[in-house]
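Please open the model in your viewer and keep the sequence panel beside it, since each stop on this tour begins with a selection.

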Amino acid sequence: QVQAVESGGGLVQTGGSLRLSCLVTGRTSSTSVMGWFRQAPGKEREFVAALYWGGRTTYYADSVKGRFTISKAVAKNTMYLQMNSLQPEDTAVYYCNADVDHDGRSWLGALDAWGQGTLGTVSS
């Protein structure tokens with residue numbers, strides 16, 4: 001089994017930055033895709049970014065492309081999401097997932113691989 005724990009959320013002003021961390025415990029695989037999702041108030045959870053644990057390929061939602069950067073420290077079992085140029089619409093609970101896939105239509109996170117979420121709030 002895998003467990004994921006997010007940290008790094010907080011309150012920033014428009015244009016500011018946050019760096020989220022996701023510590024993954026349990027078995028990890030170089031073939032796994034891990035990533036970040038978010039859920040804004042009153043909205044459904046949406047995909048943000050993903051990466052291959054054992055590779056260099058990354059993926060981003062159009063809404064964050066050019067502003068957010070996903071990265072990893074494999075030796076630390078940690079994944080990061082650097083969020084720059086934040087806007088109020090980025091306000092959400094951010095979740096990491098240690099087992100992400102794309103079904104041809106949308107990005108999905110394995111039900112047993114979610115973190116607890118960390119709240120990022122962007123004030124106007």
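A residue is called buried here when its relative accessible area is under 20%, exposed when that value is over 50%, and partly exposed in between. Keep in mind throughout that this is a predicted model.

Begin by selecting Arg 67, which has a relative accessible area of 18% and is therefore buried, because the cut-off is under 20%. Now add Asp 90, whose side chain meets that of Arg 67 in a salt bridge, at 2.7 Å from N to O. Asp 90 lies in the loop between S8 and S9, whereas Arg 67 lies in the loop between strand S6 (58-60) and S7, so the pair ties together parts that are 23 residues apart in sequence. Asp 90 is also buried, with a relative accessible area of 1%. Extend the selection to Arg 38 and Glu 46, and you will have a network of salt bridges that links these two residues with Arg 67 and Asp 90.

The structure holds five salt bridges, and two others can be visited next. Select Lys 65 and Asp 62, whose side chains meet at 3.2 Å, N to O, in a salt bridge; both of these residues are exposed. Then move to Arg 105 and Asp 103, where the N to O distance of the salt bridge is 3.8 Å. Arg 105 counts as exposed, at 75% relative accessibility, while Asp 103, at 40%, counts as partly exposed.

Which residues have the most contacts inside the largest nonpolar core? Select Trp 36, Val 48, Phe 68, Met 79, Leu 81, Met 83 and Tyr 94 to see them, within a core of 34 residues. Strands that each supply at least two residues of this core include S1 (2-7), S3 (18-26), S4 (33-39) and S5 (46-52), and S5 gives the most, with five residues.

Centre the view on Leu 81 and display its surroundings: leaving aside neighbours within four places in sequence, Leu 81 is in contact with ten residues' worth of company that includes Leu 18, Leu 20, Trp 36, Val 48, Phe 68, Ile 70 and Tyr 94.

Finish at S1, where the covered face carries Val 2, Ala 4 and Glu 6, and the uncovered face carries Gln 3, Val 5 and Ser 7. Display S3 beside S1, and you will see the two strands pair in the antiparallel sense over six bridges. Select Ser 7 last, together with Ser 21, its bridge partner in S3.

Conventions. Residues numbered from 1 in each chain as written. Predicted model: local features only at pLDDT ≥ 70, side-chain atom pairs only at ≥ 80, totals over all residues. Heavy atoms only, no water. Core = buried A, V, L, I, M, F, W, Y, C linked by side-chain atoms within 4.5 Å. Buried < 20%, exposed > 50% of the residue type's maximum accessible area, 1.4 Å probe, protein only. Helix = DSSP H or I, 4+ residues; strand = E, 2+ residues; numbered from the N terminus. Contact = heavy atoms within 4.5 Å. Salt bridge = Lys/Arg side-chain N within 4 Å of Asp/Glu carboxyl O. Pairing = 2+ DSSP bridges.
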